[in-house]
Amino acid sequence: MHREAFLNFQPKSMLNLVLFGPPGAGKGTQSQKLIEKYGLIHLSTGDLLRSEIAQGTELGLEAKKLMDQGILVPDAVVIGMISHKLDANRDAAGFIFDGFPRTVAQAEALDQLLHSKGENISGMIALEVGDEELEHRLLLRGKNSGRADDANPEVIRKRIKEYNDKTTPVADFYRSQNKFTSVNGIGSIEEIFDSISAVTEAL
Ligand code: B4P
């Protein structure tokens with residue numbers, strides 16, 4: 001085997017996808033379909049935080065104050081939750097990281113956690129959707145979801161601003177590792193899923 005090829009050789013490992021995009025881009029929606037098709041474990045920090053809120057834990061009460069304003073929860077809190085979930089699912093075929101990492105510090109921590117287990121991120125798939133459509137989708141969801149952060153246009157705009165300020169640099173983090181692909185997030189859920197599946201299968 002060529003020396004370089006030998007150095008790059010890795011035994012077949014997990015399929016670890018980061019599903020990326022602004023609030024309302026369809027990450028949660030597409031994650032459900034990816035789980036069914038590829039048998040991956042879904043790790044949504046938004047869902048994990050909402051579960052803490054529903055249980056009334058101290059962490060949940062603190063997180064709720066920030067989430068209701070559209071502000072990101074501290075890195076240490078979400079990194080701790082993800083670390084716990086990775087440990088609890090050691091035999092998984094892989095993971096979908098939905099809504100995580102949302103800051104470069106979270107992305108670096110995730111790399112370290114995975115490397116310590118001999119794993120890494122297979123790729124990031126970013127859903128591209130314009131701000132107007134995001135606001136429309138979230139307000140629509142807010143009518144039924146009961147989520148305080150979906151009900152108020154000002155909070156939605158704050159979430160989009162948090163994304164632009166703190167989360168978009170995460171795309172560059174994966175781009176620099178040649179792991180970034182973007183997909184058009186406008187269209188039917190099935191059409192978008194077909195594009196995501198094609199990217200996943202090429203990884
Ligand atoms: P999340 O729960 O991650 O919420 P989200 O980004 O708003 O939702 P998502 O993007 O998954 O929704 P989807 O598009 O599927 O975060 C909530 C809050 O938690 C954050 O603001 C933050 O405070 C905190 N938080 C979470 N993770 C954190 C982290 N890592 N660090 C710090 N803080 C963190 O769906 C949106 C709507 O669009 C749905 O109604 C859906 O039906 C619809 N939709 C989906 N696809 C569509 C399509 N193709 N066409 C039309 N509508 C579509």
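Helices (H or I, at least four residues) and strands (E, at least two) are DSSP runs, numbered from the N terminus, and the stops on this tour are named accordingly. The model is predicted, so that local features need pLDDT of at least 70 and side-chain atom pairs count only at pLDDT 80 or more, while totals for chains, interfaces and linings use all residues. Residues are numbered from 1 along each chain as its sequence is written, and side-chain values use heavy atoms, with hydrogens and water left out.

**The strands**

Begin by selecting strand S1, residues 15-20, where 5 of the 6 residues are buried (under 20% relative accessible area, with over 50% counting as exposed and partly exposed in between, for a 1.4 Å probe and protein chains only). The strand is therefore largely enclosed by the rest of the structure. Two strands pair if DSSP finds at least two bridges between them. Add strand S3, residues 94-98, which runs parallel to S1 and is joined to S1 by 5 bridges; here Asn-16 stands opposite Phe-95 in S3.

Next add strand S4, residues 123-128, which is also parallel to S1, with 4 bridges between them. Two residue pairs can be picked out along this pairing: Leu-19 stands opposite Ile-125, and Phe-20 stands opposite Ala-126. In S4, 5 of the 6 residues are buried, so this strand too is largely enclosed by the rest of the structure. Continue to strand S5, residues 180-184, which runs parallel to S4 and is joined to S4 by 5 bridges, with Leu-127 opposite Val-183.

**The loop after S3 and the cavity**

From S3, move into the loop that leads to helix H6 (104-115), where Pro-101 lies. The peptide bond from Phe-100 to Pro-101 is cis, with omega near 0°.

Phe-100 and Pro-101 are also among the residues that line the largest cavity. Rolling a probe the size of a water molecule over the atoms shows where empty space is left. On a 1 Å grid over the protein atoms alone, a cavity is a set of points where a 1.4 Å probe fits but cannot get out, whereas a pocket is an open set with protein on both sides within 12 Å along at least five of seven lines; lining residues have an atom within 4 Å of a point. Grid points are joined across faces, edges and corners, and a volume is the space filled by probe spheres set on the points.

The structure holds 1 cavity of 30 Å³ or more, and the largest cavity has about 60 Å³ of space. To display its lining, select Val-18, Leu-19, Phe-20, Gly-21, Lys-27, Gly-99, Phe-100, Pro-101, Arg-102, Tyr-163 and Thr-167. S1 and H9 are the elements that give two or more residues to this lining, and S1 gives the most, with 3 residues.

**The largest pocket and the ligand**

Now turn to the largest pocket, in which about 820 Å³ of space lies. Its lining has 39 residues, and those closest to the pocket centre are Lys-27, Arg-102, Arg-141, Arg-147 and Arg-159. Helix H2 (27-38), strand S2 (41-44), helix H3 (45-55), helix H7 (131-145), helix H9 (153-175) and helix H10 (189-202) each supply at least two residues of the lining.

Show the ligand next, which is surrounded by 29 residues (each with a heavy atom within 4 Å of the ligand); the closest are Gly-26, Thr-45, Arg-50, Ile-71 and Arg-159. A polar side-chain atom of Lys-27 lies 2.9 Å from an oxygen atom of the ligand. A nitrogen atom of the ligand is 2.7 Å from an N or O atom in the side chain of Thr-45, and a ligand nitrogen is 3.0 Å from a polar backbone atom of Gly-99.

**Single residues to finish**

In helix H10, select Ser-197, which is buried at a relative accessible area of 4%. In helix H9, Glu-154 is by contrast exposed, at 62% relative accessibility. Measure in the viewer from Glu-154 to Gly-70: these residues are 84 apart in sequence and 8.8 Å apart in space, C-alpha to C-alpha.

The last stop is Asn-178, in the loop between H9 and S5. Its phi is near 60°, a positive value in a residue other than glycine, and Asn-178 counts as exposed at 74% relative accessibility.

Definitions and conventions: Polar contact = N/O pair within 3.5 Å; in protein donor to acceptor, adjacent residues only side chain to side chain.
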